[in-house]
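Hi,

Here is the structure I promised to pass on. Have a look at it first, then read my notes below with the model open beside you.

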Amino acid sequence: SSGINAEWPLRPGSPIWLNNQIKSFKDLWARVILKISGSEYHTERTITEIMLGVPPIDIQLNMNSTKFLLKCMTSEDDMIATILQLEESTKNPLFAHIRNLRNYLVWKEGEVNPVARRQSSRGMQLVNYMHHSYCYYSKDDITQYMHYLWHHNAEQKFPERNIKKWDDLNFKHLFPRNSTRSENTYLAEFIHGHSIRFANFRKSIGIDDSDICENCDTMADSPEHQLFECATFHCPERDELLQLMDNNIADFNWKMITTEEGSTEH
């Protein structure tokens, strides 16, 4: 993925520097998301990042600092001693990153032995994890943990929704390689909804006084209306889509980008 998730030689100060520069990265990330999504207006960030398959910038930072500290925990140099010395100090610059390391180890321990799953990292002592097998990670470990954090983050932002899982194949299913930029932008607009294609959005930003659909001139416009209700756009594919969704169009955009198995069949 894009952003700070690129691989580079991890140096002792890099997690601290990245954390100190997070505001600049977030400003840049907002422009990156806007460009990738093809939107003219800023969209709801969580659903757009899931749609595009790019994790939030703070989770990317978390993963980079966690990988750095895991490498330290399996190294032979002085970094492991430094981490152990700073473990309980809440005022050191690495405190938040050490907390991220602890949280990863809690997750990893639960994955290996679900019966002994901890509820938190309280009471955990890193000295017991020096050169531990949990500190040797694979690409799959990092990907699974990233999605675990990402899904938890989405659930916290939208507690009223039963958010299903997603995986790295979502983007490829939604935006296949042979699709055009205009086709991808068109689909993305129906998912995030922040497009002047829809009268309700035009009204929300002050472009129009009315949110009535200009195609049927009878109902309030929205992505849901154009996809599932507007008589002008009725087609057999609509009926098939409604059948797949059990005629329940509530949160249809979330259903398009997530399912319980993480596929995008809908």
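Let's start at Glu214, which is exposed, with a relative accessible area of 60%. The labels work like this: under 20% relative accessible area is buried, over 50% is exposed, and partly exposed is in between (1.4 Å probe, protein chains only). Keep in mind that this is a predicted model, where local features need pLDDT of at least 70, side-chain atom pairs count only at pLDDT 80 or more, and totals for chains, interfaces and linings use all residues. Residues are numbered from 1 along each chain as its sequence is written, and side-chain values use heavy atoms, with hydrogens and water left out.

**Salt bridges**

What does Glu214 pair with in a salt bridge? The partner is Arg202, with 3.7 Å from N to O. (A salt bridge here is a side-chain nitrogen of Lys or Arg within 4 Å of a carboxyl oxygen of Asp or Glu.) Glu214 sits in the loop between helix H10 (199–204) and helix H11 (223–229), while Arg202 belongs to helix H10, so this pair ties together parts that are 12 residues apart in sequence. Unlike exposed Glu214, Arg202 is buried, at 10% relative accessible area. Helices are DSSP runs of H or I with at least four residues, strands are runs of E with at least two, and both are numbered from the N terminus.

Next, click on Arg161. One salt bridge joins Arg161 to Glu160, and their closest N and O atoms are 3.6 Å apart. Another joins Arg161 to Asp251, where the closest N and O atoms are 3.2 Å apart. Why does the pair with Asp251 tie together separate parts of the chain? Asp251 lies in the loop between helix H12 (236–244) and helix H13 (252–257), and Arg161 lies in the loop between helix H7 (139–157) and helix H8 (169–174), so the parts that get tied together are 90 residues apart in sequence. How open are these three side chains? Arg161 is partly exposed, at 25% relative accessible area. Asp251 is partly exposed too, at 35%, whereas Glu160 is exposed, at 57%.

There is also a network of salt bridges that links Glu87, Glu88 and Arg102. Altogether, the structure holds 9 salt bridges.

**The whole chain**

Now zoom out. How many helices and strands does the chain have? The count comes to 13 helices and 0 strands, so to speak an α repeated from one end of the pattern to the other. Along the principal axes, the C-alpha atoms fill a box of roughly 70 × 40 × 35 Å. Of the 266 residues in the chain, 42% are buried. Then there are the contacts (heavy atoms within 4.5 Å): among those between residues at least 6 apart in sequence, 59% join residues at least 24 apart.

**The nonpolar core**

A nonpolar core is a set of buried Ala, Val, Leu, Ile, Met, Phe, Trp, Tyr and Cys residues joined through side-chain atoms within 4.5 Å. The largest one in this model has 54 residues, and the members that touch the most others are Met51, Leu105 and Ile257. Several helices each supply at least two residues of this core, among them helix H2 (22–37), helix H3 (45–52), helix H6 (95–112) and helix H9 (181–192). Which helix gives the largest share? That is H4, with 9 residues; you will find H4 at 57–73.

Met51 makes a good starting point for a closer look. Leaving out residues up to four places away in sequence, Met51 touches Ser37, Phe171, Leu174, Phe175, Ala188, Ile191, His192 and Ile257.

**Two more stops**

Thr43 lies in the loop between H2 and H3. Is Thr43 buried or exposed? Thr43 is buried, with a relative accessible area of 15%. With residues up to four places away not counted, Thr43 touches Thr48, His192 and His194. His192 also turned up in the list for Met51.

Last comes Asp141, which you can find in helix H7. Asp141 counts as buried, at 11% relative accessibility. Its contacts, again without residues up to four places away in sequence, are Tyr104, Trp107, Lys108 and Tyr136. For a loop residue to set beside it, try Ile205, between H10 and H11: Ile205 is partly exposed, at 34%.

Happy exploring!
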